[in-house]
Amino acid sequence: METKKAKWYGPKQIWIMIYTGILFLIGTSIIGGNNNTVFPMFSEIRGWDINLINIVSGIACIMKAIGVLALAGTVRKLGPKNLTAVTLFISAALLVIFGTTKSLPVFLAVILVIGFLGGGYEKNGGMTLTANWWPTKKGVVLGFTTMGIVAMNIVYVPYMPKLLGALGLGMGMTVIAVILVIVGIITIFLVKNTPEEAGTFPDGDPSYAAAGAEIAKQMHEYKSPFTLKKVCADRNTWLIGIGSALAFMAVMSYIASAIPTMIGYGYAPGFATGIFAVGGIMGIIGSFLFGVIDQKMGTKKAFLIYFVCIIIGFIFTLLMPRGAVFCWLAGIIIFAAQGALCNLLPSYVATKYGRWDYPSGYRVIGTVFEIGAGVGVMMIGIFQNAAVMYTFDIVTLVIGFIFMIASSDKFIGKAG
């Protein structure tokens, strides 16, 4: 056990931050990052209906939500480390099938199962690790680690067409599968469920040292009093869950539709993809900035500021036909908001439930949240007019803003 004063950003903590950021990048890329790049290539080469694939992709995001709920008990039994490793290995095997199958039904089924497994390594795994390691500093930590989510727009979306074009669909997806296997192996040998297991302290605070080993044991055996029924009976579960889900729905409807929408307005494909590349950088900046705001002002206030910003961003989407400047303004704000959203929700749950009861709260709130993402992706197949869809998004964002105002951030979990 360390004797000198540690920091929340010490070497062991930085490693877990990098690791969870990689988990978020993987989950976002292989589940939600294919609509503008990978799926169109499969559609063209295999002759499959792109609209059907996009709709199933939206359902896969909902399957991730189901995975959050279904695997919440498993993360308690196995620990986030083991659950993460198992779901990564299975996802890797499915990616090989994803890239090689010539059967559309099999392809669609694989998309759904990969979505479900994301509720394991990304949500129950990565988020639980964060809550375990940083019970009070999770806001600023998630500001860094969720940069992995928006990094998808920098390292995955622009390069997957090139990878698949150079190696072919099967071999290209096998390369991604190998990456998942490597991360799974790293998980087994180099990741610890709690800071106590790693010989350090929650938040890097040595005051935890006296009972560090006992706390680690207690957390493994702990049975949360927040049953599914109790969490569902709390009005704040639905205020926070639905409010954040409406925001996620709007964000994903934009991300899944922005490139074809801008091309439809007469802008060049290179211009549209360029906004995505810059948007990825803005997402990282937004993730960091809102992590700081979260830490300084509290998660609820940060969430309210977020809603104001993203509503402004969507107002700019309605003006995109009038000039390129509005395309840039909409993209910059919405991508920055995307980066913020994915750390604000888990931070809010951790604020209310703490690290002991986080999985119990997140399994419901996180499920509702992920359903919002799935509906957002599906909306591109429901709305035939982008302006109408974005107007609908603005209305739902205002409703989400009201829900968040009405929510309570009072701590109700087990302290420590």
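What is the handedness of the crossing of α16 and α17? It is right-handed. The close-ups below come from a predicted model, and they start with that pair of helices.

**Close-up A. Helices α16 and α17 pack roughly antiparallel to each other.** Helix α16 covers residues 324-382 and helix α17 covers residues 386-406. Their axes come within 13 Å and cross at roughly 165°. An angle over 145 degrees counts as roughly antiparallel, so that is the label this pair gets. On the α16 side, the contact is made by Tyr-348, Met-379 and Ile-380. From α17 come Met-389, Phe-392, Asp-393 and Met-404. Sort those residues by class and you get six nonpolar, no polar and one charged.

**Close-up B. Helices α13 and α14 also make a roughly antiparallel pair.** Here the axes of α13 and helix α14 (residues 269-297) come within 8 Å, crossing at roughly 155°. The crossing of α13 past α14 is right-handed. To find the contact, look for Tyr-254, Ile-255, Ala-258, Ile-259, Met-262 and Ile-263 on α13. Facing them in the contact are Pro-269, Phe-271, Ala-272, Thr-273, Ile-275 and Phe-276 of α14. The tally for this contact is eleven nonpolar residues, one polar and no charged.

**Close-up C. Helices α13 and α15 run roughly parallel to each other.** Helix α13 spans residues 235-264, and helix α15 spans residues 299-317. They pack at an angle of about 30°, and their axes are 12 Å apart. Angles under 35 degrees count as roughly parallel, which is why this pair is described that way. As α13 passes α15, the crossing is left-handed. Helix α13 brings Gly-243, Ser-244, Ala-247, Ala-250, Val-251, Ser-253 and Tyr-254 to the contact. Helix α15 supplies Phe-303, Tyr-306, Phe-307, Ile-310, Phe-314 and Thr-317. By class, that makes nine nonpolar, four polar and no charged residues. If Tyr-254 looks familiar, it is also listed in the contact of α13 with α14.

**Close-up D. Thr-317 sits buried in helix α15.** Its relative accessibility is 0%, so Thr-317 counts as buried. Which residues does Thr-317 contact, leaving aside its neighbours within four places in sequence? They are Tyr-254, Ala-330, Ile-334 and Tyr-390. Thr-317 and Trp-328 are eleven residues apart in sequence, and their C-alpha atoms are 9.4 Å apart in space.

**Close-up E. Ile-16 is a buried residue of helix α1.** The helix runs over residues 11-32. With 1% relative accessibility, Ile-16 falls under the 20% cut-off and therefore counts as buried. Beyond its neighbours within four places in sequence, Ile-16 touches Trp-133, Trp-134 and Val-191. Leu-129 lies 113 residues away along the chain, yet its C-alpha atom is 8.1 Å from that of Ile-16.

**Close-up F. Thr-101 occupies the loop between α4 and α5.** Helix α4 covers 72-100 and α5 covers 104-133. Is Thr-101 buried or exposed? Thr-101 is buried, with a relative accessible area of 11%. Setting aside its neighbours within four places in sequence, Thr-101 is in contact with Arg-46, Trp-48, Val-106 and Phe-107.

**Close-up G. Asp-203 has a positive phi.** The angle is near 60°, and the residue is something other than glycine. You'll find Asp-203 in the loop between α10 (169-190) and α11 (212-221). Its relative accessible area is 10%, so Asp-203 is buried.

**Close-up H. Cys-327 and Cys-61 are both buried, in a structure with zero disulfides.** Why does the sulfur of Cys-327 make no bond with that of Cys-309? Cys-309 holds the closest cysteine sulfur, but it is 20 Å from the sulfur of Cys-327, which is too far for a bond. A disulfide needs the two sulfur atoms within 2.5 Å. Cys-327 has a relative accessible area of 0%, and Cys-61 comes in at 4% relative accessibility.

Definitions and conventions
Residues are numbered from 1 along each chain as its sequence is written. This is a predicted model: local features need pLDDT of at least 70, side-chain atom pairs count only at pLDDT 80 or more; totals for chains, interfaces and linings use all residues. Side-chain values use heavy atoms; hydrogens and water are left out. Helices (H or I, at least four residues) and strands (E, at least two) are DSSP runs, numbered from the N terminus. Buried means under 20% relative accessible area, exposed over 50%, partly exposed in between (1.4 Å probe, protein chains only). Contact means heavy atoms within 4.5 Å. Axes are lines fitted to C-alpha atoms, for helices over the stretch in contact, and angles run from 0 to 180 degrees between N-to-C directions. Angles under 35 degrees count as roughly parallel, over 145 as roughly antiparallel, 65 to 115 as roughly perpendicular and the rest as oblique. A crossing is left-handed if the near helix is turned anticlockwise from the far one by less than a right angle, and right-handed if clockwise. Ala, Val, Leu, Ile, Met, Phe, Trp, Tyr, Cys and Pro count as nonpolar, Asp, Glu, Lys and Arg as charged, and the others, Gly among them, as polar.
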